Amino acid sequence: MTFLSIYRSLHRHYGPQHWWPGETLFEIMVGAVLTQNTAWSNVEKAITNLKRARALSLSKIAAMPVQELARLIKPAGYFNVKARRLQNFCHWLQQQGGEKIVQQWDDNRLRHGLLSVNGVGPETADDMVLYAFERPVFVIDAYTRRLFARLGLVGGDEGYETLRHLFESGLSKTVKQREEQVKLYNEYHALIVIHAKDVCRKRPRCGECCLRRQCAAVE
DNA sequence: ACCCAGGGTCATA
DNA sequence: TATGACCATGGG
């Protein structure tokens, strides 16, 4: 089995996912913070609240009292933490001159810039880099670790960057074009998440295919 | 009633 | 470097 053959199997089974759910670049970035260790259905409620309050914009979130922001995003959980994180991120983005400026940066500068924000870790940054800015980085999340550890392609306890490079180099042998990489990484991560949810709901704690925390041999 | 989710930070050793 | 505590809502 290879990284590419597994992708093909997932794609054949589930079909294209067209991620990320979100209408604008900014909405995708907000969603990336809100979905930290949280079910997407809860994030949707929070985003709906922001839209209804006409608060889903860089300037609004940056200027809003943090308490008010926390109230709006409450359904997403960890609302006090995430309100601070969202504002940290928006303040940073404003200081850089906004999306249009940051969009012109090269991949590495963009990634490191995002990572410099308190509350934006590797996965959140890469969600933004891949899905909002359409740059070729492979997103590593808990499901990805568990699934590929199960399949025996990785150990599972590697660091984030190590894993990311394993995936990227494993796929770059056949997919070399930058835009093709973006599409592939985009679909691949989406398929992994869909697959994990699918398998887990069907067979909780089966001890074999299930990717929940307690099922997985790793962790 | 329990398990967990598309993580990240901070304090401690 | 590596653990552990902490954050919190809502669905299965």
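User: What covers the buried residues of helix α2?

Analyst: The cover includes α3 (40-52), α4 (58-63), α6 (79-96), α7 (99-102) and α9 (122-132). Helices here are DSSP runs of H or I with at least four residues, while strands are runs of E with at least two, all numbered from the N terminus. One thing to keep in mind early on: this is a predicted model, in which local features need pLDDT of at least 70 and side-chain atom pairs count only at pLDDT 80 or more, whereas totals for chains, interfaces and linings use all residues. Residues are numbered from 1 along each chain as its sequence is written, chains are lettered from A and ligands numbered from 1 in the order in which they are written, and side-chain values use heavy atoms, with hydrogens and water left out.

User: What makes α2 a mostly covered helix?

Analyst: Buried means under 20% relative accessible area, exposed means over 50%, and partly exposed lies in between, with a 1.4 Å probe and protein chains only. In α2 (residues 25-34), 10 of its 10 residues are buried. Among them are Leu25, Phe26, Ile28 and Met29, as well as Glu27.

User: Why is histidine 189 called buried?

Analyst: Its relative accessible area is 2%, and the cut-off for buried is under 20%, so the term applies. Histidine 189 lies in helix α12 (residues 178-202). Leaving aside neighbours within four places in sequence, histidine 189 is in contact (heavy atoms within 4.5 Å) with residues including Trp19, Glu123, Asp127 and Tyr131.

User: And how is arginine 150 classed, and why?

Analyst: Arginine 150 has 26% relative accessibility, which falls between the two cut-offs, so it counts as partly exposed. This residue sits in helix α10 (residues 142-151), where Thr144, Arg146, Leu147, Phe148 and Ala149 are buried. Its C-alpha atom is 9.7 Å from that of cysteine 210, although the two are 60 residues apart along the chain.

User: Why is histidine 18 called exposed?

Analyst: Histidine 18 reaches 64% relative accessible area, and exposed starts over 50%, so the word fits. You will find histidine 18 in the loop between α1 and α2, with a positive phi of about 35° although it is not a glycine. That loop also holds tryptophan 20, which is joined to tryptophan 19 by a cis peptide bond with omega of about 0°.

User: What about arginine 54: buried or exposed?

Analyst: Exposed, because its 67% relative accessibility is over the 50% limit. Arginine 54 is in the loop between α3 and α4, and its phi is near 50°, a positive value in a residue other than glycine.

User: How do you know how compact chain A is?

Analyst: Chain A has 12 helices and 0 strands. The radius of gyration, taken over C-alpha atoms, is 18 Å, close to the 17 Å that the globule rule gives for 219 residues, so chain A is as compact as a globular protein of that length. The rule is 2.2 Å times the number of residues to the power 0.38.

User: How is chain A divided into domains?

Analyst: There is domain 1 (3-17 + 139-202) and domain 2 (25-132), with bounds from an automatic or database domain assignment. Their centres, taken over C-alpha atoms, are separated by 24 Å. Across the two, 12 residues of domain 1 are in contact with 8 residues of domain 2.
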